Structure formats: C-alpha cells, structure tokens
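The exercises that follow ask you to read a protein model step by step, with the sequence and the structure side by side. Try each task before you turn to its solution.

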Amino acid sequence: MEERYNPHKIELKWQERWEENKIFKTKIEKDKPKFYELEMFPYPSGKIHMGHVRNYSIGDVIARYKRMKGYNVMHPMGFDAFGMPAENAAIEHNLHPETWTRENITTMTKQLKRMGFSYDWDDVVITSDPEYYRWEQKLFIEMLKKNMVYRKKAEVNYCPNCQTVLANEQVIDGRCWRCGGEVTKKEIDEWFFRITDYAEQLLKDMEQIRGGWPERVLIQQRNWIGKSVGAKVKFKVFGKNEVLEVFTTRPDTLFGATFMCIAPDHPLLKKLVKGSSYEERVRRFTEKFLKTKDIKEKEGVFTGIYAENPVNGEKIPLYAANFVLLEYGTGIIMSVPAHDQRDFEFAKKYNLPLKVVIYKEGVIPKDGKLMEAYEGEGILINSGQFNDLPSEQGKWEITKWLQEKGLAEKTVNYALRDWNVSRQRYWGAPIPVVYCKRCGIVPVKEEDLPVKLPEDAPLTGEGGSPLKRVESFVKTRCPKCGGEAERETDTFDTFVESSWYFLRYVSPHEKDKAFDKEKAKYWMPVDQYVGGIEHAIMHLLYARYFTKVLRDLKYIDIDEPFKRLLTQGMVIKDGAKMSKSKGNIVDPDYIVEKYGADTSRLFILFAAPPEKDLDWSDKGVEGSYRFLNRVWRIVYRYKDVCKSKGRVAELKEEKSRRLHYLTHFTIKHVTEDIEKRYHFNTAIARLMELTNAIYEYNYEGKEEDKVAIGEAIRTLVMLLSVFAPHIAEEMWEGIGEKPFVSDQCWPEYDEKALVKETIKMAVTVNGKVRDEIEVEKDATEEKIRELALNSTRIQKYIQGKELKKVVVVKHRLVNMVVR
RNA sequence: GCCGAAGUGGCGGAAUUGGUAGACGCGCUAGAUUCAGGAUCUAGUGGAGGUUUUUCUCCGUACGGGUUCGAGUCCCGUCUUCGGCACCA
C-alpha cells in the first residue's frame, strides 16, 4: 500500500487479479442459496452513458453484497444487439450493422470492465449472434404450431418516395425522416403474438410479484392491460340483414341509448352505406378522418342507418364518429348521452335526444335537463320492468335478460392488443417461415435453423425491406414439398430478444437448446432485476408474457421471471435529462480518467437513492473523491496497527468503547440500508461517519486503542468494498489481510456492542425541546419522570403552572403538558 | 381529463412503526499549516431577533384546516412541478 491513493494503478491491478482468479465466475454450488442478480442489458449504441453507470453500479452493490452474505451469485452481462440504430449507421456511414455493432460492443465491454463490475465476462450473451437467435426462431415455430402466433393485416407508416416502411420514430410531423416526403398508411400482412390470450394471467400473476415490484409499475401494467367487464349487445339494423354489435360496460343504461356510433374506418360502415345517398358523405368523412388522426373535437356524420334497441325496440340512428376506436371493443358503440360525457358532448353538437335512465337524488334535476352526463350509480328509471333497481344490479339483470334472448353476452374486454412482431428491417432476427405457392405458410425445419441474416443486403433506407432484395435469401425451397418458395423477409421486433435473454444466461454456451432446463430450474427466477423505469410496460410485460409461454411449452415451470424489480431514476444535469441536444452530457470516460471508477461509482450511489432522479454535480464527485482519499490516508496511518491484531478481554476506556459501539452501529445500519431499502446513499453516509470517528479518535498506542482502531478499520474496508471495491481490495491487502476482500464474509454486528449503559432523552414542555437528560438504560418510568421534573431548566418552564400530564416514551423523550 | 410520484436550508439529500427536523455530502465563513497557491487539518454554518462571554426567545418541512401530550410523517381540502395514459365505450 502506497502512501498516496492512485486510483488508476490499483483499479487496473485488481481488475486483473479478479479476472485471473475468476472470482466472479458463475457456477452451481448446491450448498449455498442462489441469488440471480440481473441488470437490463444495454443496447450497444456506441459508448456507455451515466445511466448505464448508475444502473450497473446499483446492481453491482447488490451482487457483491449477496456474495459476501454467502449466496451463490449469478451476475451476467450481455448486449441487446439488434436494432434500428445499427441500420441507420449503415445507411449514413456505409458501415455494416454487424461491424458497427461489434465495434460498439468492444468499446462498451472495455468501459464496463474498467468500472470493475463483478460480471462473469466469459458468459456474455449477444442477441445478434445466430447462436442466440436460432433458439428464438425455434421457439417461434413452436408457438406457430400451437396457434400462439398468427398473421393479420396491419397498418404501417409508408413513405411512397423512399418506397419503404417507416418506424414511428422515423416519422417526424407526418413526414419521412430521410426525404421529408409525406408519410402515408399502408396495410400489410404481419405476424402477431397472441399476448391477449394471456391478459388475464398477466393481471392475476401480479399477486405473485406484489411487494417485490414497485407498485406504480404494476399499476401502469394494469392500466395498459385495461381490463373491463361488460357485455356485447346486438342491435339489428332496420331494413338490412345486418347486426351492429357493441361492447358496453354499462348495460344498465341500455334504455337510455338514443343513437349509435361506428368508427369511420370500420369495414362494416362501407358496406352499410353502399349505394345509398349517404355513401358519398360518409366516404368523405372517413377520408378526412384517416388524414388527421389526432382529434381535436368530436365530429360525426349520419349514415342513414337505423338500428333497433334490443331492450325497447326503439329506432335509433347510426353515426360515423371520429372518437370511436376501431381497435377497441367492436368498433361500434351505443351512445347514452345522459350517462356518458363523450356521448353527451356529441349529442349536444348534433342535437340528439337525451334520455335519463339512472336517477340519483340531488344530481339529476327534476326537469331532466343535465349540464353534463351523470356517470355514477343510482336507481334505474325509464327502464321498463327494471325500474327501481339499483344500477349495479340492473347491469347484470338486463344482460341476463338479453342473453336469454340471444341478444347479449357477458364479456371481458382488454385494452391490450396482440403484439405485432414483424419489422420490415434488416438488422433483426429473421422470422423463420417460407411461403410456398402450393403449401402456403410453412415453418423452416428445425435442422435448418438458424435462418441466418445474409451479409450483403443493400442498406440504403429506400426500396423496401432490405432482405426482400437479396435474391439468394428470398429464393428457397419449400420445406414441405420441395418446390420453389420464398422466405419471409421481415425480422423480429427486438423486444422479442430481450424477452428471454435472462434465460439464455443460465447456459450461454449451450449448443443443443435454448437453455439448460436444470440450470434454469436452479437459477430462475431472477431474484433482483434492476433497470430504467422507461421499461415499465413494454419490456417487462413482454418478458412476463414470454415466461408464461415458455412455461406452457414446458421449457420452465415458473410463472414470473423477476421476483423483485428496482427501477432507477434518470441521471439529470442542470434540471434536464442528459442529451446531446441539450449539451449537458457527462462522459463516464472523462470521470473515470480524472477520479477513477471507485469515485464514479461512489458518487452515483451517494447522490440520491436509486429510484429517484439523480442530479449530477461535478462538485459532488470531488466530494466522493475526497472521501476515498480520506479513507485511504487514515487506513495508511493505521495499517501497522491493524496488522498487530491485538486482543483484550474487554474495552475499558470511554473512547474505545465508543468507537466499538459506532463500528457495530455502522454494520447494523449499512446492512439494513442495503438489505431493506437499497438506500445506498445513507449507507455511504454511515461509512463517512465511521471514518470521521476514526479521525477523531485519540490514539495513544495502547493495546485497547489498537483493538478498537483495528476493528473499526477492518469493518470500514469490508463495508466499503461493495461500493468502491478496488480501493477496498488495496487497503485490505495494505492492512495485512489476505485477498480478496470481495470474498470475505459480510461482517455481523454484535448485539451486545449496541447496548448503551445510559441513554440521552429529550425533555419537552408542550412539545418544545427544553432540556436533555441522561438516564440508565433500564431506568423505570417513574425514575425518568423524576429526573426530568428535577431538571432546573425544566423547572423554569413549569413553575407556577398547572402540570396536566407527563408523557414518558422510553429511550426517546419526556413531554410535559402544562397550562 | 384520468392514473402515478414528489414538494424539507444556498444545493444534493437525511429523519424505523407519529417522538430532539436538517444526518452525510457540496458550497460558504474563519483559523492552523505554507514564501504563496492548491491540498490537508480544525471549528462554524436553517431564518429572524435579544445578549454582544458559554446563553436565551420566536419562526420554520408548498399552502389552509383537523386529529394528537406531540405531526415532515396520519386525515380533509387547495396549489405547484414532474412522469405515464390520453376519447378504452
């Protein structure tokens, strides 16, 4: 151990030693409890940013802590390597996506290694590797065979100028990002996963993870799934052999339906108005609607169609209306303007009648003239034989009644849509099917997997899907009949890769299957997952869904992949998210070069608790650096004292007892801060306090001093090692201990050391602190009360006043109530 | 509009189940050390006021009420900021 703290030298030294000794190697050890610590793997966009540093620093504390706690830890890392930016780089800089991606992975791996994170670098998973995505392809084929996937038409953004499909983020204000031309919609056949089949399970299984996940993430997912219970009701069309089916959550208001609305882009609409005098008007309305999908005001047009309200036979008009969603429910609604605000607004605009069917005292005016819709519960009126029923009960009575007549059906509806996984892109995993003129859609044979991406696709950003233009790829033989056939040229949404990568980690070199079943059984589920809140819905929902699919395909036998989830906040600078456009980016390389990895990690952990946004502060970083230097100097000063390992039966002096107490107090609190709440900022604050106490210690070279100081320093170094591991290793060696501190057992605190002989208690008068008294630890209430009352300072406040009450809270305070 | 999170010193942030508000760090002030600067060490640091020695008083956790011996913490209402969804029938 040198006198001066030299972060670079020691960090590289210990990184090498960890690597040489393979101390973070993943292995199965049955005699220890397992712990699977996972952080969201990065997209290899170029270099790591502070968000990554934060994410992985948090994860590393947990992994290192659990390891020291005696768990067998798996802590893997990989790269989510497919995606659009690689393709864009290819278009802009004429660099192959593969090359670009590989280079970025190399750079980022180097950066992550330089941070000293405890990953097993032999077990990296890269999703663009055919040895990874082949299993995804196989899984897709299994899902296809089980009818878990299907093909249907879907609307995509299309640039007629570039003749290519655009992703949402490539459409800027309705124009193409490349050529600026107007973007149109186009319908093409795409692949969908039937995630809606799992909607109920995704909802129900939240119970299994409640408590381990942030409640707000579960709420977001619940809203996203958007379950609503109601009924499908059939309305017959007058004069036509057609039925309009609607979904409603309020069958109790059926008697109040005075009109109906249909989505302008509903296929049935065209058919209904065909040949009528309304056809032209409706067509124009639909056209206008398709152009401007963002609706400012409710608009509609009468279709000339009337339908029969099944509950009372009333003839009610059908409007095409811009606020009706084609994708939700049936795309047709019944409108009850008296009890639905949207319908109310529409009715007002087009002068349509209102009919009140739910009565509530004090809310519904006697004359029935409403200023707004009443959406609450009440008593049914104007509802035939259902009058006087409470609305909640009426809901199901009316549904039942209609159901018996075959006109309604109790239904559960979800806002969640099936997952469209087709992308008209090159840099993704090819969807492994073949189109044969004779046999239709045929999956690729398992022995022919992986369907590898051809290397030489033309990447220009125009002319459609790049794979379509690679003849050698497209032209193939039908796996079934052997005849001429064409390959699917779409690739998977990259969320597919990230939906199961955590399973590949259990056996990343597996040659014969996606992952080893036994190992998965051992490691899964992930005990702690750490990542950004921005993935609250998509990634986390898809990963949950995949886990259930894999379970149903007998790959695994768990329902949920992530037992606990920690969502970390953003890294902010000057009040805004770090971004190129704002010019407020802090480069991790620069910080590591200037202060070292330990300082970077320590600052980022100290500045805020993980789930909160973190304000970057250059001054704060210096503070962390100063702290590490301070620790270094004090350890250096006492390094030989630590080596001597003195022993005394009992600490007698006040100062050494105090330090002994603080040492164990620190262990307790640091452990709890990490274990219970992941509040590393307060844990680090405790370490600073212990450090300050060691500085303040009046060292005189007595045996007792040596014991107290030695214990304090060894403890400090061990506790610090999960936050700043390199400096801790170097100091550990410096005080004569055997490497590695990373392999040490986490210190346990001694309950006895935490017992204080006397306790300081506050004395308050009417809630205001007036004095402090010191009492024996097991003093009785009477004794405490007496002590407090005898205080001269307290006397001052209670003299001449009526003492109404004395509240004694043991070990905390005494409150006097006077008047 | 709906759902969610958060409002505490000059700043980042502490404060177990209601029990001494402001831990720890940054910044600032003063002193020691130094030729000097930096670094380091020591002390102080919520605001206002009275003493002008050590002490004392009042006000303070977005705002207004309430419960309680006691509220940053619990309840009711209001405001502001941020995030998500956005006509989901």
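A residue is called buried if its relative accessible area is under 20%, exposed if that area is over 50%, and partly exposed in between. The model shown is a predicted one, and the tasks below apply these cut-offs to it.

**Exercise 1. Classify the two partners of a salt bridge.**
Task: Decide whether D340 is buried or exposed, and find the class of R342.

Solution. Begin with the contact itself: D340 and R342 form a salt bridge in which the closest N and O atoms are 2.8 Å apart. Next, take the aspartate, whose relative accessible area is 14%, so D340 is buried. Then take the arginine: because its relative accessibility is 49%, R342 counts as partly exposed.

**Exercise 2. Follow a salt bridge between two parts of the chain.**
Task: State which elements hold D493 and R423, and how many residues apart in sequence the tied parts are.

Solution. The first step is to locate the contact, a salt bridge between D493 and R423 whose closest N and O atoms are 3.1 Å apart. The second step is to place each partner: D493 lies in the loop between β25 (491-492) and α14 (501-504), while R423 belongs to strand β20 (residues 422-423), so the pair ties together parts that are 70 residues apart in sequence. The third step is to compare accessibility with the cut-offs, which gives 7% and the class buried for D493, and 29% and the class partly exposed for R423. Salt bridges can also share partners, and in this way E653, K655, E700, K702 and D705 are joined into one network. The structure holds 54 salt bridges.

**Exercise 3. Examine helix α9 and its contacts.**
Task: Find which residue forms a salt bridge with K271, and how far apart in space L268 and V243 are.

Solution. Start with K271, which forms a salt bridge with E242, the closest N and O atoms being 3.0 Å apart. This pair links distant parts of the chain, since K271 sits in helix α9 (residues 267-273) and E242 in the loop between β10 (227-237) and β11 (243-248), 29 residues apart. K271 counts as exposed because its relative accessibility is 52%. Now turn to L268, which is also placed in helix α9 and which, at 16% relative accessibility, counts as buried. Finally, L268 and V243 are 25 residues apart in sequence, and their C-alpha atoms are 9.9 Å apart in space.

**Exercise 4. Describe the pairing around strand β14.**
Task: State in which sense β12 pairs with β14 and in which sense β13 does.

Solution. Look first at the strand itself: β14 (residues 315-321) is mostly covered, with six of its seven residues buried. With strand β12 (residues 259-262), β14 pairs in the parallel sense over three bridges, and here I262 stands opposite A320. With strand β13 (residues 300-308), β14 pairs in the antiparallel sense over six bridges, and the bridge partner of F302 is Y319. The last step is the turn: β13 and β14 form a hairpin with six residues between the strands, in which G313 takes a positive phi near 70 degrees.

**Exercise 5. Do the same for strand β24.**
Task: Name the residue in β24 that is the bridge partner of C436, and the residue that K475 stands opposite.

Solution. On one pairing, strand β21 (residues 433-436) meets strand β24 (residues 484-487) in the antiparallel sense over three bridges, and the partner of C436 is A485. On the other, strand β23 (residues 475-477) runs antiparallel to β24 and is joined to β24 by three bridges, with K475 opposite E486. β23 and β24 form a hairpin with six residues between them, and G482 in its turn has a positive phi of about 80 degrees.

**Exercise 6. Find a charged patch and step back to the whole chain.**
Task: Say which residues gather in a patch of negative charge on the surface, and what share of chain A counts as buried.

Solution. The patch is made up of D574, D613, D615 and D618. D574 is found in the loop between β28 (571-573) and β29 (576-577), and it is exposed because its relative accessible area is 66%. For the whole chain, 55% of the 819 residues of chain A count as buried. The secondary structure of chain A comes to 25 helices and 34 strands, and its C-alpha atoms fill a box of roughly 105 × 85 × 50 Å along the principal axes.

Key. Residues numbered from 1 in each chain as written. Chains lettered and ligands numbered in written order. Predicted model: local features only at pLDDT ≥ 70, side-chain atom pairs only at ≥ 80, totals over all residues. Heavy atoms only, no water. Pairing = 2+ DSSP bridges. Helix = DSSP H or I, 4+ residues; strand = E, 2+ residues; numbered from the N terminus. Patch = residues over 30% accessible without salt bridge, like charges linked within 9 Å, V, L, I, M, F, W, Y side chains within 5 Å. Areas by Shrake-Rupley, 256 points an atom, 1.4 Å probe, with all protein chains shown as cover. Salt bridge = Lys/Arg side-chain N within 4 Å of Asp/Glu carboxyl O. Lys, Arg positive; Asp, Glu negative; His and termini not counted. Charge placed at Lys NZ, Arg CZ, Asp CG, Glu CD. Buried < 20%, exposed > 50% of the residue type's maximum accessible area, 1.4 Å probe, protein only.
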